[in-house]
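Dear colleague,

I am handing over the structure we spoke about, together with some notes for someone who comes to it fresh. Please have it open beside this message as you read.

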Amino acid sequence: MSQVFSAVEKVSVHGGHSGQFCHHASDSLEEVIRAYVAEGFSWVGITEHMAPLSDALRYPDEVEDDLGADYLLDRFRTYFSECRSLKQKYAGKIEIYTAFETETYEGSSAYVHKLVEELKPDYLVGSVHHVNGFCIDYDQANFDAAVKASGSLEQLYRDYFDAQFEMLQELEPSVVGHFDLIRKFDPDYLNTLGKAGVWERVERNLDFVSECGLILDFNLRGFDKATEQYPSMPVLEAALELDIDVVPGDDSHGVNSVGRNYERGIEILSDLGANLDWPRPALIIYN
Ligand SMILES: [Zn+2]
Ligand SMILES: [Zn+2]
């Protein structure tokens, strides 16, 4: 273990998806939290995916297994009570935030506001997993369909960053999830990110993140599929130039992915001279 790494506090601003509350994750939430404790994390934001707005907006695996939006909403409510009771149970061992990760599609902002009102999360991770009705995070076939719907790969990127910008303005989430997730199924993403009309949108969105003091999720899941973290290096460098806070999120989806790629990520941030004294997400204030 490198010297830099052992001195840095272990945290995750985005993670803790569990098989108990997410159909594409594994293990119970308590098992996941115990893994964070075992790995020596000092604080963790548990940020389960929000329930879908309707049956039509479910993830493909939820459709396949016939999990209705009503059932998913019930399960999402149960997630909050379970996470809060585990927060108490493990107090003193680890500090837990009960948060959630948003979806972004037609009608999602109003629905997020409604869920926030009812369930009072500590904070939000603002994410975009859908563009023009297609999930761009799921598999190649869905991604290809999204490209087709947008008309071109570049246009899909533009549409993604426009959807993200709208979401950022409407929700001002404390944490921006995997900023350039759109590149997940694009092997030539460095080229695509640099295209006219794409990079300008990246810069516009980063300016907003900077002005509002939002945290960028330094998403370690990126190493699994896309060779590097989200946001990718050019975006990360631009963010650091704007003094945007970047905080690790392991985006864990079960015990096995708790804290994975952590050391690799810290070394990258350390080499770039980023602040490794992690700020915490701003908590939503309720009256
Ligand atoms: Zn997930
Ligand atoms: Zn996500």
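What follows is a short account of the core and of two helices.

Please keep in mind that this is a predicted model.

The largest nonpolar core has 71 residues, and those with the most contacts inside it are Ile136, Leu156, Tyr160, Leu216 and Val246. Helix H7, which runs over residues 153-171, supplies the largest share of this core with seven residues. If residues up to four places away in sequence are left out, Ile136 touches His129, His130, Val131, Asn142, Phe143, Ala146, Tyr160, Leu181, Ile182 and Lys184.

Turning to helix H11 (residues 233-241), the buried residues there are Val235, Leu236 and Ala239. They lie on the same side of H11, because the arc they cover around the axis is only 100°. Exposed Glu237 and Glu241 are carried on the face of H11 that is turned away from its buried side. The cover over the buried residues of H11 includes helices H8 (189-193) and H9 (199-212) as well as strands E8 (215-219) and E9 (245-249). Just after H11, Asp243 takes a positive phi of about 60°.

Helix H4 (residues 69-89) has 21 residues, and from its first C-alpha to its last it reaches 30 Å, close to the 30 Å expected at 1.5 Å a residue. Its buried residues are Leu72, Tyr79, Phe80, Glu82, Cys83 and Leu86, and what covers the buried residues of H4 includes helices H2 (29-38), H3 (60-64) and H5 (108-119), together with strands E2 (43-49) and E3 (95-101).

With best wishes

Notes:
Residues numbered from 1 in each chain as written. Chains lettered and ligands numbered in written order. Predicted model: local features only at pLDDT ≥ 70, side-chain atom pairs only at ≥ 80, totals over all residues. Core = buried A, V, L, I, M, F, W, Y, C linked by C-beta atoms within 7 Å. Buried ≥ 20, exposed ≤ 12 C-beta atoms within 10 Å, placed from the backbone. Helix = DSSP H or I, 4+ residues; strand = E, 2+ residues; numbered from the N terminus. Contact = placed C-beta atoms within 7 Å. Arc of directions from axis to C-beta. Expected span 1.5 Å × (residues − 1).
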